Amino acid sequence: MDKKKTMFSGIQPSGELTLGSYIGAIKNWVSMIEDYDAYYCIVDLHAITVRQEPAALRRRILEQLAQYIACGLDPEKVTLFIQSHVSAHAELAWVLNCYTMFGELSRMTQFKDKSASHADNINGGLFTYPSLMAADILLYQADLVPVGEDQKQHVELCRDIAIRFNNAHGETFKVPEAFIPKVGARIMSLSEPTNKMSKSDKDPSGSVHLLEKPEDIMRKFKRAITDSDTSADCVRFSPSEKPGVSNLIQIYSCASGKSISDIENEFAGRGYGDLKMTVGNAVVETLRPIREETERLLKDKAYLEEVYKMGAKKAEYAAGKTLGKVYRKLGFVSR
Ligand code: TYM
């Protein structure tokens with residue numbers, strides 16, 4: 001049998017996981033686990049590029065691991081681990097920093113956005129964030145990196161770094177491809193539908209968290225921003241003209257498995273009140289088993305510890321092989 005291809009992805013434990021992280025990333029990770037040798041990471045080193053409260057960070061890391069499992073990432077089938085447990089990530093990131101250009105890092109949209117929102121803390125880690133992300137991916141020789149639209153630029157830079165290193169030192173890294181879903185790659189805020197739904201959004205009404213109670217989820221959907229159109233075909237998918245409505249249609253499509261055109265037909269002649277209730281209910285039912293299973297897992301700290309220790313061991317082995325190869329190619333003397 002052919003060796004399976006490798007998949008790598010990660011999420012920062014910088015806030016509560018949202019419906020955006022679920023639809024844009026985790027849901028697709030789950031759908032592909034049978035076909036890939038998969039590594040899913042909780043990227044705590046990335047999270048500290050913005051100040052974190054230590055106790056809250058520790059709580060969120062474990063909560064995120066429980067949520068990965070509750071979403072369907074079976075630790076017997078995939079490798080789930082915490083980035084700081086595998087020191088090769090920080091080591092390779094340093095090497096790749098030396099193969100990443102100042103100009104490239106300066107062009108990253110996420111760096112520009114985060115520098116604007118954290119103007120008092122534009123630290124070196126925030127700037128070199130993409131080299132650490134490239135290290136994450138390249139250590140595992142990943143073929144595929146499933147992410148939402150906002151991470152596409154970082155995966156492209158990772159490819160450029162891999163190609164640059166390979167050209168200088170001979171074939172060392174697999175050049176990865178991004179996998180970006182056709183629907184759901186950019187879930188927008190419910191209160192400001194021209195902005196992305198984000199873990200770190202200060203306005204709680206815009207984002208839905210995976211662990212939120214059904215009544216709170218319904219309240220947010222009922223208040224979701226739409227527009228003033230009252231025509232018979234007001235439930236229409238057009239992100240530029242109708243960002244709020246298109247976002248609700250997109251969320252409903254991902255939660256129900258129905259196509260966008262089926263949803264437009266289903267709502268022909270119906271208004272936004274109906275749409276909001278239907279989408280809210282579909283999201284509540286999608287998230288209910290995830291929340292219940294997460295709550296159950298969080299009571300079993302010993303099991304979670306077993307999972308992340310086993311994950312770190314497997315990840316360390318694979319990452320160590322690549323790092324050793326890189327050090328040899330660079331001319332370092334082996335230990
Ligand atoms: P992060 O933590 O911001 O987001 C995690 C994943 O969720 C996706 N996502 C969304 N997708 C659709 N709509 C949204 N509103 C939405 N919000 C978040 C993101 O695109 C991402 O796939 N730099 C990465 C983490 C990372 C990583 C990696 C990813 C570190 N190393 C290696 C892949 C491979 C980040 O900040 O994602």
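A polar contact is a pair of N or O atoms within 3.5 Å; within protein, one of the two must be able to donate a hydrogen and the other to accept it, and residues adjacent in sequence count only if both atoms are side-chain atoms. Keep that in mind, and let's start with one serine.

In Ser-189, a polar atom of the side chain lies 3.1 Å from the backbone nitrogen of Ser-191. Before I go on, some housekeeping. This is a predicted model, where local features need pLDDT of at least 70 and side-chain atom pairs count only at pLDDT 80 or more, while totals for chains, interfaces and linings use all residues. Residues are numbered from 1 along each chain as its sequence is written, and side-chain values use heavy atoms, with hydrogens and water left out.

Okay, back to our serine. Where does Ser-189 sit? You'll find Ser-189 in the loop between β5 (177-179) and α9 (214-222). Those labels are DSSP runs numbered from the N terminus: helices are H or I with at least four residues, strands are E with at least two. Is Ser-189 buried or exposed? Ser-189 is buried, at a relative accessible area of 2%. Buried here means under 20% relative accessible area, exposed means over 50%, and partly exposed is in between (1.4 Å probe, protein chains only). If we leave aside the neighbours within four places in sequence, Ser-189 is in contact with Asn-195, Lys-196, Met-197, Asp-201, Gly-206 and Asn-247. Contact, by the way, means heavy atoms within 4.5 Å.

Now let's zoom out to the domains. The assignment gives domain 1 as 5-179 + 301-330 and domain 2 as 204-295, and such bounds come from an automatic or database domain assignment. The C-alpha centres of the two domains are 30 Å apart. How many residues of each domain are in contact with the other? Twelve from domain 1 and 14 from domain 2.

People often give the size of an interface as the accessible area lost when the parts come together. Here, domain 1 and domain 2 bury about 1,100 Å² between them, and 80% of that is on carbon and sulfur atoms. That buried area is the accessible area (1.4 Å probe) that two parts lose on being put together, summed over both. On the domain 1 side, α1 (19-31) and α3 (54-70) each supply at least two of the residues touching domain 2. That side divides into seven nonpolar, two polar and three charged residues. For that split, Ala, Val, Leu, Ile, Met, Phe, Trp, Tyr, Cys and Pro count as nonpolar, Asp, Glu, Lys and Arg as charged, and the others, Gly among them, as polar. Across the interface, three residue pairs are in polar contact, both residues at pLDDT 80 or more.

And how many salt bridges run between domain 1 and domain 2? Zero. A salt bridge means a side-chain nitrogen of Lys or Arg within 4 Å of a carboxyl oxygen of Asp or Glu. The whole structure, though, has 19 of them, so let me show you three.

First up, Glu-63 and Arg-59, with their closest N and O atoms 3.1 Å apart. The two are four residues apart in helix α3, so about one helical turn separates them. Glu-63 is buried at 11%, while Arg-59 is partly exposed at 39%.

Next, Lys-174 pairs with Asp-143, closest N and O atoms 3.1 Å apart. Lys-174 lies in the loop between α8 (152-169) and β5, and Asp-143 in the loop between α7 and β4, so the pair ties together parts that are 31 residues apart in sequence. Lys-174 is partly exposed at 38%, and Asp-143 is buried at 14%.

The last pair is Lys-242 with Asp-227, where the closest N and O atoms are 3.4 Å apart. Both lie in the loop between α9 and α10, so this bridge ties together parts 15 residues apart in sequence. Lys-242 is buried at 4%, whereas Asp-227 is partly exposed at 28%. Shared partners then join Asp-227, Asp-229, Asp-233, Arg-236, Glu-241 and Lys-242 into one network of salt bridges.

One member of that network, Asp-233, is in the loop between α9 and α10 (243-256). Asp-233 is partly exposed at 44%, and its side chain makes a polar contact of 3.1 Å with the side chain of Ser-231.

That's my tour, thanks for listening!
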